[in-house]
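Me: Got a minute to look at this one with me? I'd like to go over the ligand site and then one residue.
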Amino acid sequence: MKIIIISGTPGCGKTSVSKKISEKIKAEIISLNELTVSENFTLKYDKKRETHVVDLSKLIPYVENLIELYNKGNTEFLIIEGHFSDAIPEKYIDYVIILRCNPDELYKRLEKRGYKIKKIRENIQAEILGNCTNFFIQKQIKSPMYEIDTSNLTIDSIVKIIIDLTVKTINVENFLPGKIDWLEILSQNDRINEFFD
Ligand SMILES: Nc1ncnc2c1ncn2[C@@H]1O[C@H](COP(=O)(O)OP(=O)(O)OP(=O)(O)O)[C@@H](O)[C@H]1O
Ligand SMILES: [Mg+2]
């Protein structure tokens, strides 16, 4: 069984993309957000940040158990998606895909979701700083890791790239981490102050 981790800032499309991949290659999905809420693996609700604080000490063993169950079955591909999926122990990870999105497009997607301005800004700041990618880099993860700029891509074309990167073998050059740098683009256009105060 191959495990594909899909991470990225909220709004980058992890859930939409994962669902579509599972239709194409018959993959199972573990959605860390959904699991946290449905199994009540939360420590508290952070009102200020409008988000649940995850109890990783409960979530991770539960996920490990699920992985073992899928492994014993005839699951070929398992997708684990969530913006904190760097919490998954490396021994289970075959590929890491980080979905990225430029600040302007991310703003539109999060606004459409009804997020308040403070929450939108917080997420955009995390995206500009590349937090989700950095979490994996800090762990010095050895599994292949790729970044995809989803800003101008349809869900279908993102799905195709992920399948190409994991199931088939394409030239990975364009998807290696370090090529996406929103901070540099904003800085060139003198726009950093729009997102940081
Ligand atoms: N490539 C895309 N093009 C246009 N819209 C997109 C794209 N990807 C996602 N969206 C839209 O952005 C919104 C967020 O997508 P989705 O729920 O898949 O993100 P997510 O990464 O799973 O977020 P979260 O971490 O909060 O669960 C949805 O309304 C979705 O339709
Ligand atoms: Mg999601």
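Reply: Sure, we'll take the ligand first and then a serine in a loop; keep in mind that the model is predicted.

Me: Which residues come nearest to ligand 1?
Reply: Lys-14, Thr-15, Ser-16, Arg-113 and Leu-153, out of 15 residues around ligand 1.

Me: And what polar contacts does ligand 1 have?
Reply: Among them, a polar side-chain atom of Lys-14 sits 2.6 Å from a ligand oxygen. A backbone N or O atom of Gly-13 is 3.0 Å from an oxygen of ligand 1, and a side-chain N or O atom of Asn-33 is 3.3 Å from one.

Me: How much of ligand 1 does the protein bury?
Reply: 74% of the 630 Å² that ligand 1 exposes when taken alone. The space ligand 1 takes up is the largest pocket.

Me: Which helix gives the most to the shell?
Reply: Helix 1, with three residues. Helix 1 (14–25) and helix 7 (155–166) each supply at least two.

Me: What's the mix of residue types in that shell?
Reply: Six nonpolar, six polar and three charged.

Me: Switching topic: where does Ser-151 lie?
Reply: In the loop between strand 7 (145–149) and helix 7.

Me: Is Ser-151 buried or exposed, and why?
Reply: Ser-151 counts as buried because its relative accessibility is 6%, and the cut-off for buried is under 20%.

Me: What does its side chain reach?
Reply: The side chain of Ser-151 gets to the backbone nitrogen of Asn-102 at 2.8 Å. Ser-151 and Asp-149 also share a side-chain to side-chain polar contact of 2.5 Å.

Conventions:
Residues numbered from 1 in each chain as written. Chains lettered and ligands numbered in written order. Predicted model: local features only at pLDDT ≥ 70, side-chain atom pairs only at ≥ 80, totals over all residues. Heavy atoms only, no water. Near = heavy atom within 4 Å. Polar contact = N/O pair within 3.5 Å; in protein donor to acceptor, adjacent residues only side chain to side chain. Areas by Shrake-Rupley, 256 points an atom, 1.4 Å probe, with all protein chains shown as cover. 1 Å grid on protein atoms, 1.4 Å probe; cavity = no way out; pocket = protein on both sides within 12 Å on 5 of 7 lines; lining within 4 Å. Sits in = over half its atoms within 2 Å of the grid points. Helix = DSSP H or I, 4+ residues; strand = E, 2+ residues; numbered from the N terminus. Nonpolar A, V, L, I, M, F, W, Y, C, P; charged D, E, K, R; others polar. Buried < 20%, exposed > 50% of the residue type's maximum accessible area, 1.4 Å probe, protein only.
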